[in-house]
Amino acid sequence: MKEARRPSTLFLPKPVALVTSAAGGKDNVMTASWVNVACMEPPMLCVAVRSSRFTHELIGKSGRFTVNVPGEELLEAAELCGNVSGSEEDKFRLAGLTRQAASRVEAPLIAECPLSIECEVRHSLELGSHTLFVGEVMVVWVDSRITDDAGHLLVERMRPFVLNYREYWGMGERLGTYGSGAPPFKVIP
Ligand SMILES: Cc1cc2nc3c(=O)[nH]c(=O)nc-3n(C[C@H](O)[C@H](O)[C@H](O)COP(=O)(O)O)c2cc1C
């Protein structure tokens with residue numbers, strides 16, 4: 001039996017990513033869960049950033065950001081980067097994260113994250129408390145330690161985690177294969 005509740009952002013699971021940004025000689029890293037794929041052609045990601053965040057200022061100025069997906073071993077670093085502002089602190093140093101030069105954006109990639117994605121902002125939607133930055137994917141960086149011989153990402157090596165309410169959860173076991181339940185006619189991607 002479902003009960004109707006008041007409008008809220010109750011939706012789960014939410015991914016956990018580390019978003020980097022840079023402008024005017026300053027860079028920053030912020031934990032973001034309101035982040036997802038926004039478009040396939042061209043490939044786009046979006047992240048909702050509260051206007052009070054230092055990250056908001058840096059993405060607003062530069063029109064660029066990177067999205068880095070941490071493995072479970074970076075959970076504490078993600079907590080730190082999600083609870084301290086980079087306006088006063090160097091969170092890379094505090095969290096023990098290593099900057100790695102990106103190729104198309106000034107913001108650094110995070111060396112410890114096995115998947116890093118460079119984005120250029122195409123749309124900024126001021127929705128209220130948060131601005132939705134929609135970024136076109138410029139480059140995708142994948143650490144070969146989390147891929148098989150065909151280049152496919154191995155989730156069990158990557159070990160991404162999600163946010164459910166105020167708890168971090170791992171991914172659990174593999175349940176099935178995408179497309180295996182589709183009828184035998186053309187599958188629309
Ligand atoms: C798991 C987690 C997810 C978060 N997701 C977001 C998010 O999607 N958007 C946002 O604006 N803030 C989010 N926050 C809060 C920011 O990360 C936090 O306010 C951070 O200190 C802002 O850093 P900055 O001022 O250096 O940009 C999240 C925090 C945590 C711990």
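This is a short talk about the fold of one protein and the surroundings of its ligand.

Hi everyone, thanks for coming. Please keep in mind that what you see above is a predicted model.

Let me begin with the whole chain. The protein has 4 helices and 12 strands. Its radius of gyration is 17 Å, and the globule rule gives 16 Å for 189 residues, so the protein is as compact as a globular protein of that length. If you lay the C-alpha trace along its principal axes, you get spans of about 55 × 50 × 30 Å. Of those 189 residues, 29% count as buried. Now take the contacts with a separation of 6 or more: 59% of them come from residues 24 or more positions apart.

On to the strands. As a quick reminder, strands of a sheet pair through backbone hydrogen bonds, in either a parallel or an antiparallel way. Here, strand 10, residues 130-142, is a good place to look. With strand 9, residues 115-126, it pairs in the antiparallel sense over 11 bridges. Within that pairing, I117 has V140 of strand 10 as its bridge partner. Strands 9 and 10 make a hairpin, with 3 residues between them. Have a look at G128 in that turn, where phi is positive, at about 150 degrees.

Strand 10 has another antiparallel pairing, with strand 5, and that one runs over 7 bridges. There, L45 is matched with G135 in strand 10.

There is also an open sheet of 3 strands, in the order 1-11-12 and with antiparallel pairing. Which strands sit at its edges? Those are strand 1, at 14-15, and strand 12, at 167-169, and each pairs on one side only. Strand 11, residues 162-164, is joined to strand 12 by 3 bridges, and in that stretch L163 stands opposite Y168.

Finally, the part many of you will want to hear about: the ligand. How many residues surround it? There are 22, and the closest are W34, T55, G82, S85 and G86. Strand 3 (26-32), strand 5 (44-50) and helix 1 (54-62) are the elements that give two or more residues to this shell. Strand 3 provides the largest share, with 4 residues. So we meet strand 5 again here, having seen it paired with strand 10. And what is the shell made of, by class? The count is 10 nonpolar, 9 polar and 3 charged residues.

That's my tour, and I'm happy to take questions.

Key: Residues numbered from 1 in each chain as written. Predicted model: local features only at pLDDT ≥ 70, side-chain atom pairs only at ≥ 80, totals over all residues. Pairing = 2+ DSSP bridges. Near = placed C-beta within 6 Å. Nonpolar A, V, L, I, M, F, W, Y, C, P; charged D, E, K, R; others polar. Rg over C-alpha atoms; globule rule 2.2 N^0.38 Å. Buried ≥ 20, exposed ≤ 12 C-beta atoms within 10 Å, placed from the backbone. Contact = placed C-beta atoms within 7 Å.
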